[in-house]
Amino acid sequence: MCGIVGYVGENNATPFLLKGLKRLEYRGYDSSGIAVLGEEIGCVKEVGKIEKLEEEVSKNELKGSIGIGHSRWATHGGVTEENAHPHWDCEKNIFVVHNGIVENYKEIKNKLIKRGHKFVSDTDTEVIAHLIEHFFKGDLESAVKKALRIIKGTYGLVVIAKKDPGKMVAARMFSPLVISVNDKGSFVASDPSAIITHSKKMIFLEDGDVAVIQKDNFVISDIKEKIKEREEVTLDWDIEDSQKNGYPHFMIKEIAEQPESITNSMRGRIVLEEGSAKLGGLELVEEELKNTKKISIIACGTSYYAGITGKYLIEEFSGVPVEVSLASEFRYRKKVIEKDETFIFISQSGETADTLAALQEVKKKDVLTLGIVNAVGSSIARETDAGVYNHAGPEIGVASTKAFTSQVVVLSLIALFLGRQRNLSLEEGKEVANTLLSLPSLVSEILKDDSEIKEVAEKYKDFKNFFFIGRRYGYPASLEGSLKLKEISYIHSEGYPAGELKHGPIALIDESFPTVAICLSNSVYEKMVSNVEEIKARNGRVIVLANRDKKDVKELTEDVIYLPTAPEFVSPVLAVVCFQLFSYYVSVSLGRDPDKPRNLAKSVTVE
Ligand code: G6P
C-alpha cells in the first residue's frame, strides 16, 4: 500500500524524505512525491521509481526544514503525476499526503465544487486538502479536526500549511502512523521502516488520534481536543525486519494481514439494508449484467482457483451458469462465445501475459469484459470494459495469499449483486452480507492461535507426496492448498475433488502418501467422511480440517486442524488461510525461503 514520511526540524527535509520513501519501496508503489516548506512550498511528483523523483528534485532545489513525502499505490484515479501525492488546495497553502480511502469523497467534492473549489486530480485525497482549506483560519490543527469530522473512511494523513509553519498535523483512522523524535528533529511515517535509522523509539498513533508535531515535541489529542498519552515503544528491528513489520517473511506478514485486506476489499461495498453489494466499478454495466445469460471466468494460477470458487458462488446465489477457463488454454481454444455472455478476468498483477492475451481475444467479440484486479491502472484493469479492484494492497510474497482471499471476497460480492438482481430474496441477501462482514473476525480467530497447524506441519514436513481433497466449495480450496504447498516447499502435491479419488488417484495411497481432507460441518460432510474412511482402509494417513462441533472427527484421525464454524460459502477462505499457514510452516521448517520460491515469478508477463 501507499507510504508516508514527514519531517520537521533544523535540517533540510528533502534528504530525509527521499531516504524514507526509498525504505518504503518494498511496499510497492507506482508514483511518488514530496512537498517541502521553506520560504515557499515546493512540490515535486513523478510517476515510476523513486530514482526519477530524486532526479527531478535535484533539478528543483527543494529546501526547507519541514516536508512530507508519499509513495502511491493507486486506488482512486489512474497512475499519473496529477494523481500522485502530495495534494494541495486552491491557494497552494495546504499540502496533504494520505493513505486510505475517503468513502464520501464524491459528496464532499461536489459541495466544494459548488463553492468554487477547483480540482486537478481524480483522487479522494485532494478533497481532504480543499476541505481543510474551507475551514482554515490560520490554525492548521483546528482546520484539520473540523475536516475530519466530515470525512468518512480510513486515513493516515499528514498535512503542512505555508500559513501555519513550523509543524505537521498527522491523523490516523485505520491506517497506521508512527512518530519518532531525535536531536535532528521529529519524524512521522506510515511504517517504522521509513524512519527507524533515526531512532528506534517510536510512538504509534491510535485510531482517532490527531498529532501536532513540531521540531522537538508533539502533542496528541482527539478531534474533541482531549489530550491522549501514548506510550513510547523501542523497536529492536533492523531495516530488513522493519520492512516486514517484525515478521520473518513477507508471506507470513501477508497471511496475517488478511483480516485487514478482506475488510478493505469489502469497504463501502456492502449495503446491509438492501441485502446487496454496491460495486462502483460495475455501476455503468448494471443493465448488461442483469441481462447476461452466462459468465465465463478466465485466469491463471491462484487466481484461477479463486475463479472456480467464484463459479460455485455465482451459480448458488444468482443461478447464472459459469464456465471457468485457464487463460493459457482459452487463448488458443476454438471459442464458442455466446450472445449476452459476460467475461470476468481475474488477476492480482493485472499483467499476466496469458490472461491479457485471452482478454484481447475476447475483445474481438461484442461481449462485456470485466476485471477483478489488485494492481490499479494495470493492463487488464485498463483494457476491460469495467471491473472491481481488490484493494488488498501490494503482495510481495511470490506465492499468492491475501490476493486469493480478496478475490474470493470480491467474487462473493459480485455473486450477491447478481443474485439480488435476480431471485435472491432480501432476507437471503442480508444473511450473505452479514456472513461476509463476519469474515475478517473468523480469519482473525484462525490467526490468533496457529499452534495446531504448526504442530501438524512439523509432523508431516518430511513426506514426499500429498493429496488435498474436498467437495463443492472444498474442491477449489483443496486445489489452492495443494498449489501453496508445492510452490513454497517443493513437495509433490495434488488437489482433487474428493469424489474423483476412487477413479484412479487412490491407487497411490499408502502410509507414505498423506491426504489433507476438508471435512467441515456442511452439506458434504458425510460424503467427505466416507472418503476419509476409504483412504484409511488403504493405510493412508489423513489430516482433517474440521469444525469443533463435529466430535466424531477425532475418531477419524489424530491430526485435526480446527477452524471456526461458518456458512459453507465462506469456507474456502477459512480453509485456504489454514493451508497457507500449513505450507508456510512446512517450507520454513525445511529451510526453504517461502518469499522467493525457486523457478517462480510473481508476475508472469511472458507466455
Ligand atoms: C504467477 C504467480 C501466482 C499467480 C499467477 C497469476 O504464477 O506466482 O501466485 O497466481 O501468476 O497471477 P495474476 O497476477 O494474474 O493473479
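User: How much area do domain 2 and domain 3 bury between them, and what percentage of it is on carbon and sulfur atoms?

Analyst: The size of an interface is often given as the accessible area lost when the parts come together. In this predicted model, domain 2 and domain 3 bury about 3,000 Å² between them. Carbon and sulfur atoms account for 73% of that area.

User: Where do the domains begin and end in the domain assignment?

Analyst: The assignment places domain 1 at 2–235, domain 2 at 238–448 and domain 3 at 449–595. The C-alpha centres of domain 2 and domain 3 are 24 Å apart. Their contact draws 36 residues from domain 2 and 34 residues from domain 3.

User: Which polar features should be read between domain 2 and domain 3, and how many salt bridges are there?

Analyst: The count of salt bridges between domain 2 and domain 3 is 1. A salt bridge joins the side chains of R472 and E316, with an N to O distance of 3.4 Å. In addition, 13 residue pairs are in polar contact between the two domains, both residues of each pair being at pLDDT 80 or more.

User: Which elements give two or more residues to the side of domain 2 that touches domain 3?

Analyst: These elements are α7 (250–256), α8 (258–266), α10 (301–318), α14 (402–421) and α15 (426–448). The largest share comes from α15, with 10 residues. By residue class, this side of domain 2 divides into 22 nonpolar, 10 polar and 4 charged residues.

User: Where is R472 found, and what is its phi?

Analyst: R472 is in the loop between β22 (465–470) and α17 (474–489). Its phi is near 45°, a positive value in a residue other than glycine. The side chain of R472 is also the partner of E316 in the salt bridge described above.

User: Where in the backbone does a cis peptide bond join H85 to its partner?

Analyst: The cis peptide bond joins H85 and P86, with omega about 0°. P86 is placed in the loop between β4 (66–72) and β5 (87–88).

User: Which residues come nearest to the ligand?

Analyst: There are 13 residues around the ligand, and S303, S347, Q348, S349 and T352 come nearest. For S349, a polar side-chain atom lies 2.6 Å from a ligand oxygen atom. For T352, a polar side-chain atom lies 2.5 Å from an oxygen atom of the ligand. With V398 the backbone is involved: a polar backbone atom is 3.4 Å from a ligand oxygen atom.

User: How many salt bridges does the count come to, and what does the pair E10 and K215 tie together?

Analyst: The count comes to 35 salt bridges. One pair is E10 and K215, whose side chains meet at 3.2 Å, N to O. E10 lies in the loop between β1 (3–9) and α1 (13–23), and K215 in the loop between β12 (210–213) and β13 (218–221), so this pair ties together parts that are 205 residues apart in sequence.

Note on methods
Residues are numbered from 1 along each chain as its sequence is written. This is a predicted model: local features need pLDDT of at least 70, side-chain atom pairs count only at pLDDT 80 or more; totals for chains, interfaces and linings use all residues. Side-chain values use heavy atoms; hydrogens and water are left out. Domain bounds come from an automatic or database domain assignment. Contact means heavy atoms within 4.5 Å. Buried area is the accessible area (1.4 Å probe) that two parts lose on being put together, summed over both. A salt bridge is a side-chain nitrogen of Lys or Arg within 4 Å of a carboxyl oxygen of Asp or Glu. A polar contact is a pair of N or O atoms within 3.5 Å; within protein, one must be able to donate a hydrogen and the other to accept it, and residues adjacent in sequence count only if both atoms are side-chain atoms. Helices (H or I, at least four residues) and strands (E, at least two) are DSSP runs, numbered from the N terminus. Ala, Val, Leu, Ile, Met, Phe, Trp, Tyr, Cys and Pro count as nonpolar, Asp, Glu, Lys and Arg as charged, and the others, Gly among them, as polar. A residue is near a molecule or strand if one of its heavy atoms lies within 4 Å of it.
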